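Student: Please pick one part of this model and take a close look at it. Follow its contacts outward as far as they lead.

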Amino acid sequence: MSIEQRNKQAAQAFFDILNRGDVPALIAAYAEDGRCVTMGNTLISGTYSRDQIAAAAGGIYQVFPQGIRFTIKAMTAEGERVAVEAESEGAHVSGQVYTNQYHFLMRFRDGKVVEFKEYMDTERVTDILCGGQKRPST
């Protein structure tokens with residue numbers, strides 16, 4: 001099996017973990033030096049270490065008590081990188097249905113996530129996940 005095939009399988013497994021809401025498995029999927037980068041200029045945008053992800057991951061599922069579901073639309077792999085086009089849907093605690101479209105760029109090392117970059121519609125993030133609150137201007 002090629003490195004690209006292995007990494008695509010690892011990416012699929014990562015999204016399966018997200019869909020199950022399995023926080024311990026999510027943390028275990030990251031390399032010790034792994035990080036998540038949420039793009040944009042929202043309240044949740046930024047770069048998060050594995051320890052920060054571990055501290056915050058449970059909160060994601062608290063605001064989606066029935067879970068959030070990611071559907072992979074396409075994957076492309078080259079070497080250690082996997083590009084994933086996906087959509088999400090989940091019932092937010094606000095009563096609103098949260099949907100979004102994404103491009104994730106994942107980088108793997110030895111089957112573990114080294115970097116998970118998340119590009120999405122930041123207006124949807126602000127409107128629903130951040131309750132309309134925008135990041136203060138600097």
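Tutor: What follows starts at one helix and traces its links.

The model is predicted: local features need pLDDT of at least 70, side-chain atom pairs count only at pLDDT 80 or more, and totals for chains, interfaces and linings use all residues. Residues are numbered from 1 along each chain as its sequence is written, and side-chain values use heavy atoms, without hydrogens or water.

Take helix α3, residues 50–63. Helices (H or I, at least four residues) and strands (E, at least two) are DSSP runs, numbered from the N terminus. α3 has 14 residues and reaches 20 Å from first C-alpha to last. That is close to the expected 20 Å at 1.5 Å a residue (1.5 Å times one less than the number of residues). Yet α3 has a kink of about 35 degrees, centred on Ala56. The bend is the angle between axes fitted to the seven residues ending at a residue and the seven starting there.

Now its buried side. Arg50, Ile53, Ala57 and Tyr61 are buried (under 20% relative accessible area; exposed is over 50%, partly exposed in between; 1.4 Å probe, protein chains only). The buried residues of α3 pack against α1, α2, β1, β2 and β3 (contact: heavy atoms within 4.5 Å).

Arg50 leads outward. Its side chain meets Glu32 in a salt bridge, 2.7 Å from N to O (a Lys or Arg side-chain nitrogen within 4 Å of an Asp or Glu carboxyl oxygen). Glu32 sits in strand β1, 18 residues from Arg50 in helix α3. The partners contrast: Arg50 is buried at 16%, while Glu32 is exposed at 68%.

Stay on β1. Its Arg35 bridges to Glu115 of strand β6, 80 residues apart, at 2.3 Å, N to O. Glu115 is buried at 9%; Arg35 is partly exposed at 34%. Glu115 also bridges to Arg107, at 3.8 Å. Arg107 is partly exposed at 26%. Shared partners join Arg35, Glu80, Arg107 and Glu115 into one network.

β6 also holds Phe116. Its ring centre lies 6.2 Å from that of Phe15, with the planes at 55 degrees, so the pair is tilted. (Phe, Tyr and Trp rings, Trp by its six-membered ring, pair with centres within 6.5 Å; planes under 30 degrees apart are stacked, over 60 edge-to-face, the rest tilted.) Phe15 lies in α1, so the pair ties together parts 101 residues apart in sequence. Phe15 is buried at 1%, and Phe116 at 6%. That brings us back to α1, one of the elements that α3 packs against.
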